[in-house]
Amino acid sequence: MNTKFKLFSYDRVDTAIHRLSGLTKLICFLFLSFAVIYSYDIRVILLVMAFSIAILMVSKIKFSQIKLMVVYVVIFLVTNAVISFFFSPEMGSELLGTRTVIGELYGRYDLTAEQVLYQVTKLFKYASVIPLGMIFLLTTNPSEFASSLNSVGVNYNAAYAVSLTLRYFPDMQRDYRDISLAQQARGLDLSHKAPFKDRFKNALLIIIPLIFSSLDRIELISNAMDLRGFGKNKTRTWYTSRKFTRQDYTAILISALIFLATIAVSIFINQSRFFNPFK
Amino acid sequence: MDMNPIIEFKDFTYQYFSQAHPTLHDINLAIYPGEKILIVGPSGSGKSTLGYCINGLIPFAYKGEITGSLAVNGRATADQNIFELSKQVGTVLQDSDGQFVGLTAGEDIAFALENENLPVEPMRDRVRRVAGMVGMEALLKSSPFELSGGQKQRTSLAGVMVHDVDILLFDEPLANLDPATGKVAIEIIDDIQRKSGKTIVIIEHRLEDVLHRHVDRVIVLDDGRIVADLNAHDLVSSQILTNCGIREPLYVTALKYADVKVKPEIDPGYITTLECESTKKDLVAWQKSIVVDERENTNPSILRMADVTFSYDGERNVLEDIGFDIREGEMVSLVGKNGAGKSTLSKLLCGFEKQDRGQIFFRGEDIAYKTIKERAEIIGAVLQNPNQMISKPMIYDEVALGLRFRGVDESEIQERVEKVLKVCGLSPFIEWPISALSYGQKKRVTIASILVLDPKILILDEPTAGQDYRHYTDIMEFLVDVNKLGVTIILITHDMHLMLEYTPRAIVLSEGKLIADTDASVVLTDAEIIRKANLKETSLYNLAQKIGIEDGARFVQNFIDYERRIKNR
């Protein structure tokens, strides 16, 4: 195989973050995400974001690994910002309860400081969840991922399905490539030259053989799993699950504190989820 | 033996609900603890079904009607569930890649223990211990993509041995392995049985390869019935194998050609036990009687590769300085172990990838500028799994697809499709849906769908993989017919019988380099090439050595020529 494909390109690098158990990382991810989702205080959000970028550095994730994801996120955020402004230009003032016009645009569209703050805050909210998600995905062994899903209460059948998908995805991908080449040799045109209405039909010519050749495989896998007792008990253990170490507890403690601190800021300092400097 | 049988079938009949007739009839079979049993039979004989009955997939996963009884460890399987049975019977399925459910070898071995809720610490210990038994302890962290076929099979074996099972059931363990790895697999099974005393049941149609090591009894199934229950010596001395369409060991065929009376007294079951003194004279005389068949192919060149080098990543060359010249009308095999560069070579020929250096000539003309689509009209490639190529529900449409893509008009399409279906023996099925066809017929459909484009060269990847002797012969004789029509054929294969019987010439790749381009009989008798390409010497060569014939390659070649001549007569 020329391309050793790894989904989310999980790398076996050895850093403090990689050494944490998958469950720890999932819990930390959830704490920190909830913190930024709950809070509309840009100061808090920027702090969490700075923290997660620092962690991103510690875990030695290279920019090339996340480049594509970052590009998609930026496109999404910009589109989202433009659309939200056009649909609800007054959202910021409604939420914050004040209205400070800093520029008049066309018709009912006024630019208010509240709106700018609200949108910038929202932008950073999304933007700070992304590095967290990437850290989790890129530093967690895929099977540990399944076992951690199971330990936070996801049914093990569903969690194992995640692991199986990761296991067989490269096989499917290789099959897809082989089938696609064989069909191209027969004359299938996959280029953009083909008329749009044909492209769907052409895609079917690859997908149908892919489905049929995968059906054989599914029967085999389910037999192999039955024969080794899958589904026998209500619970199962996981070979890849790790014992919690002090580092794990520390990591969970830190993220829990950040989460609580965020809530505390909302309750005691802002007296609401929103931070309004324009009052 | 006055022990109680560990597996006992009594008047056992089984019919799948989806079938009109029983697959197994009146099976009476007792297997005793510590025995090593081989079950052989052609495709459709019911041998896999028999295995499913033992491991509980029947009736757990495949529903059907059972009469009579089957007991494992003295308890009727009807009263047990598949999970209870899985702790007594460990099954290694034939596709060791497909059944690899873990993301690493260690995880895969641990799978059964995870399902038992074993805590992690003892689980790791047990995995390490069992991995040690099959020589996988250093590879526990490897992913399936980093493991060879043999290593995956060892992983599967360890995965069922984590439970202290009494019975190990192997369902066609050799099907996906190259000859050298297959040989090692049989040795591992044998060693485990010797060390642990477990009962071993091997289901396989490649008799000769399993008989590389001793088995206690061979059970022959045909048409759902047990037709023989013999030791290896008695079996190869009988007519049973020929009658059921199972290939007998090649050296036995040679003995028969030489008019040696094959009888149990000469211990003919294994090449190692064969008694030679009495057979020597006849064999030497037969060998001398064969007129050397000199047929040089003097046709002009159709495909030439010159100094072709290719790398996927620009660092490691997958192919290096490959050069060969194939003449029109030849039938050549391309061999080498997995990763040697065979499929890459075929991708270069089809234009799916482009060589970094060197040239490919078709009838003396460099084809570098031709697109994938144009190449397909010269060189057609057939994938191993027909399901990967079939994309239309009806045979006619499937075969016509390539022509429709090329905008050929319907009347000409009809003419060409009908013609090619006739060549492929598929005319009676022209209006049939493909789903109604057997594996071999589907294979023919895929070949037809390529042939309809009228390529001058056909490349087939393992055309007979997983086929029993009869289907193998069907497919290969069909390819011989295609070859006679003037199509040059290149076969990518691990099958040494195929090489010997059908391709006079073999091109051998190893680590991206061409290490041999010569007669198949020479390749399969050269220890160095055999080692590098993960092949196994043919038993004909072992026979020649045993009786002291110096020129082993000549002996093998004589056998092939002799066989071809009687077949053509």
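## Report on a predicted two-chain model

An open sheet of six strands in chain B has the order β16-β17-β18-β13-β19-β20, and its pairing is mixed. The structure is a predicted model, in which local features need pLDDT of at least 70 and side-chain atom pairs count only at pLDDT 80 or more, while totals for chains, interfaces and linings use all residues. Residues are numbered from 1 along each chain as its sequence is written, and chains are lettered from A and ligands numbered from 1 in the order in which they are written.

**The sheet of chain B**

Helices (H or I, at least four residues) and strands (E, at least two) are DSSP runs, numbered from the N terminus. Two strands pair if DSSP finds at least two bridges between them. Strands of a sheet pair through backbone hydrogen bonds, either parallel or antiparallel. In the six-stranded sheet, β16 (379-382) and β20 (513-519) of chain B are the edge strands, each pairing on one side only. Neighbouring strands are turned by 20° against each other on average, direction ignored; the axes are lines fitted to C-alpha atoms, for helices over the stretch in contact, and angles run from 0 to 180 degrees between N-to-C directions. Strand β13 (residues 331-335) of chain B runs parallel to strand β19 (residues 505-510) of chain B, and four bridges join them. B:Ser333 has B:Ala506 in β19(B) as its bridge partner.

**Domains of chain B**

Domain bounds come from an automatic or database domain assignment. For chain B this assignment gives domain 1 (7-246), domain 2 (249-289 + 539-569) and domain 3 (301-538). The C-alpha centres of domain 1 and domain 3 of chain B lie 33 Å apart. Their contact takes 13 residues from domain 1 of chain B and 12 residues from domain 3 of chain B, where two residues are in contact if their C-beta atoms, placed from the backbone, lie within 7 Å. On the domain 1 side, helix α7 (residues 179-196) of chain B gives the largest share, four residues.

Helix α22 (residues 539-546) of chain B has B:Ser539, B:Leu540, B:Tyr541, B:Leu543 and B:Ala544 as its buried residues. A residue is buried if 20 or more other C-beta atoms lie within 10 Å of its own, exposed if 12 or fewer, and partly exposed in between, with C-beta atoms placed from the backbone. The buried residues of α22(B) pack against α8 (207-210), α11 (250-257) and α23 (552-568) of chain B. After α22(B) comes B:Gly548, with a positive phi near 80°.

**The contact between the chains**

The contact takes 46 residues from chain A and 48 residues from chain B. On the chain A side, α7 (142-151), α8 (156-186) and α9 (196-227) of chain A each give two or more residues, and α9(A) supplies the largest share, 14 residues. The chain A side divides into 22 nonpolar, 13 polar and 11 charged residues. Ala, Val, Leu, Ile, Met, Phe, Trp, Tyr, Cys and Pro count as nonpolar, Asp, Glu, Lys and Arg as charged, and the others, Gly among them, as polar.

**Backbone geometry**

Most residues other than glycine have a negative phi, and most peptide bonds are trans. Two residues of chain A have positive phi values, as tabulated.

| Residue | Phi | Location |
|---|---|---|
| A:Lys60 | near 55° | loop between α3 (42-58) and α4 (63-87) of chain A |
| A:Gln271 | about 55° | segment after α10 (246-270) of chain A |

A:Lys60 counts as partly exposed because it has 15 C-beta neighbours inside 10 Å. A:Gln271, with 9 C-beta neighbours inside 10 Å, counts as exposed. In chain B, the peptide bond from B:Ile58 to B:Pro59 is cis, with omega near 5°, and B:Pro59 lies in helix α2 (residues 57-60) of chain B.
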